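Colleague: I should be grateful for a close look at one part of this model, namely the strands that pair with one another in the first chain. Please set that part in the context of the whole chain and add whatever bears on individual residues elsewhere.

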There are 2 protein chains.
Amino acid sequence: MPATLMNERDLEFMLYELFDSDALTSRTRYQDHDRQTFNEVVNTAKTIAEKYFLPIRQKLDTHQPTFDGKKVHIIPELKTAINAVNESGIGSATADYELGGMQLPPIIASAAASFLTVAGGVGMGYNMLTTANANLLQAHGSPELINTWVKPMREGRFMGTMAMTEPGSGSALGDLITKAVKSDDGTYRITGNKIYISGGDHDLSDNIVHLVLARIQGAPKGVKGISLFVVPKFLLNEDGSVGEDNEVALAGLFHKMGGRAQTSTALSFGEKNGSIGYLVGEEHCGLKYMFHMMNEARIMVGTSGAVLAVAGYQYSVDYAKNRPQGRLPSCKDPQSPMVNIIEHADVKRMLLAQKSYAEGAMALVLYGTQLSDDERTADTSEQREYAHTLLDFLTPIIKTWPSEYGPKANSYAIQVMGGHGYINEHPVEMFYRDNRLNSIHEGTTGIQSLDLMTRKVPMNRMQGYKATLHEIVKTIEQAKQYDSLNEYTQKLSEAVETLKVTTEVVLNGMATNNIDLALANSVKYLELFGHVIIAWLWLKQGIVATKALSTKVHQTDEYFYKGKLQALQYFYRFELPQIAVWSSILISSDSTSYDMQADWF
Amino acid sequence: MPATLMNERDLEFMLYELFDSDALTSRTRYQDHDRQTFNEVVNTAKTIAEKYFLPIRQKLDTHQPTFDGKKVHIIPELKTAINAVNESGIGSATADYELGGMQLPPIIASAAASFLTVAGGVGMGYNMLTTANANLLQAHGSPELINTWVKPMREGRFMGTMAMTEPGSGSALGDLITKAVKSDDGTYRITGNKIYISGGDHDLSDNIVHLVLARIQGAPKGVKGISLFVVPKFLLNEDGSVGEDNEVALAGLFHKMGGRAQTSTALSFGEKNGSIGYLVGEEHCGLKYMFHMMNEARIMVGTSGAVLAVAGYQYSVDYAKNRPQGRLPSCKDPQSPMVNIIEHADVKRMLLAQKSYAEGAMALVLYGTQLSDDERTADTSEQREYAHTLLDFLTPIIKTWPSEYGPKANSYAIQVMGGHGYINEHPVEMFYRDNRLNSIHEGTTGIQSLDLMTRKVPMNRMQGYKATLHEIVKTIEQAKQYDSLNEYTQKLSEAVETLKVTTEVVLNGMATNNIDLALANSVKYLELFGHVIIAWLWLKQGIVATKALSTKVHQTDEYFYKGKLQALQYFYRFELPQIAVWSSILISSDSTSYDMQADWF
């Protein structure tokens with residue numbers, strides 16, 4: 001029996017024991033749902049994942065999309081699989097009924113999608129980007145734009161992209177130069193080049209809806225002069241059918257280390273007369289709108305990091321339980337039977353490390369997903385605002401921590417399996433490659449760390465920072481009821497103190513010192529904060545497990561909860577203590593990197 | 001101008017400033033050499049690397065060897081490149097004159113080979129394994145075996161492998177079951193299956209000389225009943241020409257994440273009448289001989305980890321110096337020109353991390369290589385014995401530290417380059433994939449850590465351990481002459497104390513407690529020891545740089561030495577403090593992994 005894609009018992013734990021997803025059914029938006037409909041959606045996703053994606057997972061990886069100079073070719077099985085997703089409705093699970101959606105809570109949709117992510121590699125990336133694109137347009141586009149473009153995307157007939165990066169400016173969006181010129185009919189003519197556009201060309205849908213950042217002639221310099229446009233691959237006829245080419249040319253495909261099923265493209269817009277673009281919202285406000293999509297995309301990236309970590313963990317646990325090799329050090333008889341490698345302490349260490357990363361990261365991304373729901377559908381405006389404050393603050397951590405620690409988990413999955421982990425008979429090497437992109441796209445770790453330090457911490461008189469610490473302290477207070485959690489409440493309290501002291505130094509540095517120096521170790525601050533957050537979410541899980549174990553539970557559940565407590569212990573003893581190193585670098589305003597000169601390299 | 005393959009200034013520093021390679025020319029074996037001949041060999045290797053390997057590096061990666069059911073096909077350019085290496089004599093640079101070698105010191109040969117490793121991916125792996133194989137036979141084989149097999153390998157006509165791993169036993173060599181039955185003519189008939197045999201089949205040489213571990217009928221169980229055989233792919237005719245097939249069948253090729261130019265094979269021996277094998281040395285002593293090769297191979301693996309780290313570092317430094325993007329945080333004018341990304345502190349941090357890993361690892365592997373020379377060619381028997389003691393002790397660290405930190409360096413190279421690092425237009429993603437194998441083959445990190453704790457530390461009344469600490473303390477004493485190195489002498493002294501205390505606890509645990517528990521965190525001990533060793537080698541480099549800077553030096557040298565000191569500082573502030581975490585896990589005999597149960601996962 002092959003390894004299961006996801007740990008279903010753990011997903012159930014996350015949804016219903018850690019985060020109270022049952023309670024969502026009391027919200028008006030979700031009143032038609034109950035745990036049964038939630039489970040049905042998850043099971044449908046699992047079935048599609050196993051039936052359509054898993055059989056082609058390796059083929060998607062080994063048969064990269066190709067470009068023959070005219071068209072992009074992707075193995076046709078992917079279209080069949082994506083069609084199955086679209087037909088099931090899972091592709092737009094969270095959308096309103098009137099837009100063809102199921103009005104499912106995002107946390108349930110995310111759990112369902114995790115099966116597709118594991119089984120399909122990034123094949124699902126096309127759908128996810130399309131959903132994010134449609135959500136942006138729905139929030140900021142005119143009724144006409146929504147009517148024209150969102151509906152076919154929700155139905156899976158069109159797909160969407162976000163086109164931001166340019167060859168000359170990379171992450172520095174303020175320097176982008178793609179040009180927009182207004183025509184008499186109110187549309188714009190777009191000319192310029194974009195790179196690394198995921199899903200920028202393919203034959204999976206009838207049309208591709210690009211959301212393009214560009215600068216209208218005469219706009220202010222920098223980030224304040226950027227506008228957002230819908231630029232479709234094909235224009236539409238009056239009856240809404242797909243019409244003529246809109247001068248969006250594929251300039252090339254990038255060949256990536258992983259995530260190979262999803263094309264990464266260089267696009268050239270408007271080489272002849274300019275591609276026709278439709279302005280989204282107001283002029284010069286493009287970046288604000290893009291951040292709507294971007295924030296959603298950042299949670300998705302974190303989720304990908306987490307889910308791939310779970311996938312590698314599941315696979316390597318299964319392998320370790322079934323692979324006999326060697327004997328324990330205490331066994332001196334070479335004739336005694338071999339043990340399964342899961343009995344070796346070092347293998348258990350590598351599996352615990354994975355568990356602590358993977359399930360810590362899953363808890364984080366599902367928490368973030370629930371916040372993104374709460375900020376829209378929670379009962380009171382105070383609750384909605386509070387959720388918004390928390391999510392806004394935590395987004396750089398939700399994006400980054402799983403992206404950084406997911407690949408570390410996957411590296412352990414390879415190591416557990418030894419040579420078998422390094423060959424493509426098993427998927428863990430693919431998870432490792434796929435996952436490596438997550439700390440790069442949608443804002444690198446360095447950019448997230450600057451966002452955290454310069455915007456998210458000081459923002460609104462540190463409201464987000466304070467709310468987050470408030471939540472952590474609440475959990476510590478709850479945990480104090482359980483003696484067996486003493487070690488962790490104490491360690492987390494100390495960690496929060498470390499975080500506070502460090503934050504104070506960092507903020508002083510930004511206010512009074514050389515700002516370049518003050519920000520030089522921003523990534524260490526993000527790492528420190530990330531570890532505190534994950535430790536917090538592990539303590540939350542520990543409370544649930546401890547409570548459950550104090551009652552009479554079935555043996556398999558007993559094992560499950562004991563595993564949770566052991567992973568909690570692992571994180572607090574092997575991982576959390578590292579924050580002392582990072583904190584001391586920050587508190588001393590270490591200038592090692594700042595002082596280094598280009599010529600000295 | 002593309003990035004240089006290796007940092008030549010740094011190689012010069014390592015060879016002639018850090019390790020006194022000039023002094024080697026006073027040894028009888030090397031009396032024909034001087035710095036000029038050393039440089040010629042290095043330059044020849046560089047020329048071959050640039051001319052033959054670099055142009056096909058990407059093609060070797062994207063065109064994996066294929067098996068058509070009968071023959072293995074590798075792109076023919078590799079054979080041309082390997083021929084160029086063989087013709088240059090670099091392939092057997094260290095061998096005796098009478099065996100067609102150049103009698104070069106291994107440290108010089110290693111520096112030369114590094115260019116080929118960077119440019120050729122693992123294309124050079126065929127040669128390296130062949131050299132290791134030939135060296136083993138020369139040390140332990142009969143004159144007849146040496147005459148028959150070593151000479152054609154030195155000349156590049158034959159290539160060699162080591163065939164140890166079996167499907168059922170993996171790293172647990174004691175459980176291997178490949179069978180050897182003695183024939184009347186004194187040869188043996190070999191039957192069995194081996195997997196992950198690097199270079200196990202190909203069309204690059206006239207013959208392949210497999211060194212095969214097998215069990216002679218009636219041999220003792222476990223590791224004490226293993227013998228070593230030469231099993232050629234083709235038998236030889238009486239005149240030495242290549243004759244008939246020896247029943248060594250290719251059962252399949254593995255498709256690896258990296259290192260793709262080198263075939264990884266499943267081989268089946270003797271499916272009809274048994275492959276003919278020639279015993280090496282005595283019966284049942286095979287593992288001892290294999291460890292001759294294995295120890296050499298372990299230094300090679302460490303060297304690969306280090307060289308690939310240097311390669312990624314060189315490449316990403318060059319990129320960062322030439323890629324304009326963004327502005328410093330202190331710059332608020334969006335119209336000011338962009339800076340090259342090397343000006344961003346976080347990019348400098350990632351480059352410094354790479355430098356500290358890459359040049360720390362290079363110093364370690366070159367030190368190990370020099371010890372492997374000293375144990376054979378140092379002037380006195382005391383010196384030779386002392387070198388042997390040190391090398392024997394340090395081998396698990398020389399193998400592991402570069403294997404673990406090399407890929408981390410490569411990950412930073414990717415991150416520095418962002419999206420550009422993730423695509424195959426640039427080689428850093430390949431370095432990352434290639435390097436990931438190094439902590440697996442020739443003994444995983446887990447196995448090295450058990451070797452260190454259970455054999456290397458206690459061995460000969462801790463002679464190797466004490467000698468190593470003696471060397472470290474000597475360096476600390478030297479460094480005390482320089483006030484500017486105070487911070488480091490103090491921190492390294494503290495680290496040595498931590499190491500001593502930890503070692504004592506660990507040894508007590510092994511003597512008095514549950515051995516399975518005592519070894520449960522062995523990898524943390526290896527990490528701790530590794531970091532102390534690298535910190536020591538950085539202090540050694542710091543002494544040289546400080547001395548040099550106290551004299552009048554050319555500006556480029558001034559920059560070079562300042563870079564060294566900055567990387568030293570980075571390692572001591574960002575890396576070395578982590579040993580506190582590992583030490584505390586070991587000192588508390590942490591049982592988190594040991595206590596975890598298979599059912600709880």
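Modeller: The account below begins with the chain as a whole, turns to the paired strands, and ends with single residues.

The model is a predicted one. Chain A contains 19 helices and twelve strands. Its C-alpha trace extends over about 80 × 60 × 60 Å along the principal axes. A compact globule of 601 residues would have a radius of gyration near 25 Å, and the 24 Å found for chain A agrees with that. Of these 601 residues, 64% count as buried. The accessible surface of chain A amounts to about 21,900 Å², and carbon and sulfur atoms account for 50% of that surface. When contacts in chain A between residues at least 6 apart in sequence are considered, 74% of them join residues at least 24 apart. As to charge, chain A has 55 positive and 67 negative charges, and the mean positions of the two sets are 3 Å apart.

The part you asked about may be described from strand β5 of chain A, which covers residues 188–198. Strand β4 of chain A, residues 179–182, runs antiparallel to β5(A), and four bridges join the two. Within this pairing, A:Lys182 has A:Tyr188 of β5(A) as its bridge partner. The two strands form a hairpin with five residues between them, and in that hairpin A:Gly186 adopts a positive phi near 90°.

β5(A) also pairs with two strands that come later in the numbering. With strand β11 of chain A, residues 264–269, the pairing is antiparallel and extends over five bridges. Here A:Gly192 has A:Phe269 in β11(A) as its bridge partner. With strand β12 of chain A, residues 275–279, β5(A) is joined by three bridges, and these strands likewise run antiparallel. In this case A:Arg189 stands opposite A:Ile276 of β12(A). For reading side chains along such strands, a general point is useful. In a regular strand the side chains alternate between the two faces of the sheet.

Beyond β12 of chain A, the loop that leads to helix α8 (286–322) contains A:His284. This residue is not a glycine, yet A:His284 has a positive phi of about 65°. Most residues other than glycine have a negative phi. The relative accessible area of A:His284 is 30%, so the residue is partly exposed.

A second residue with such a backbone angle is found in a helix. A:Met462 belongs to helix α13 of chain A, residues 459–479, and has a positive phi of about 60° although it is not a glycine. A:Met462 is also in contact with A:Leu507, whose other contact, once neighbours within four places in sequence are left aside, is A:Val457. A:Leu507 is located in helix α14 of chain A, residues 486–512. With a relative accessibility of 21%, A:Leu507 counts as partly exposed. The C-alpha atom of A:Leu507 is separated by 14 Å from that of A:Asn460, and these two residues are 47 apart along the chain.

A:Ala81 offers a buried position in another helix, α4 of chain A, which spans residues 76–88. Its relative accessibility is 0%, and A:Ala81 therefore counts as buried. Apart from neighbours within four places in sequence, A:Ala81 is in contact with A:Tyr52, A:Phe53 and A:Ile56. A:Asn133 lies 52 residues from A:Ala81 along the chain, and their C-alpha atoms are separated by 21 Å.

Chain B supplies a further hairpin that may be read beside the one described above. Strand β8 of chain B, residues 234–236, and strand β9 of chain B, residues 242–245, run antiparallel and are joined by two bridges. B:Phe234 has B:Asp245 of β9(B) as its bridge partner. Five residues lie between β8(B) and β9(B) in this hairpin, and B:Gly240 in the turn has a positive phi of about 90°.

Finally, chain B includes a buried helical residue. B:Thr389 is found in helix α10 of chain B, residues 381–417. Buried means under 20% relative accessible area; B:Thr389 has 14% and is therefore buried. With neighbours within four places in sequence left aside, the contacts of B:Thr389 are B:Gln463, B:Gly464 and B:Ala467.

Definitions and conventions:
Residues are numbered from 1 along each chain as its sequence is written. Chains are lettered from A and ligands numbered from 1 in the order in which they are written. This is a predicted model: local features need pLDDT of at least 70, side-chain atom pairs count only at pLDDT 80 or more; totals for chains, interfaces and linings use all residues. Side-chain values use heavy atoms; hydrogens and water are left out. The radius of gyration is taken over C-alpha atoms; the globule rule is 2.2 Å times the number of residues to the power 0.38. Buried means under 20% relative accessible area, exposed over 50%, partly exposed in between (1.4 Å probe, protein chains only). Contact means heavy atoms within 4.5 Å. Accessible areas come from the Shrake-Rupley method with a 1.4 Å probe; for residues, only the protein chains shown count as cover. Lys and Arg count as positive and Asp and Glu as negative; His and the chain ends are not counted. The place of a charge is taken as NZ of Lys, CZ of Arg, CG of Asp or CD of Glu. Two strands pair if DSSP finds at least two bridges between them.
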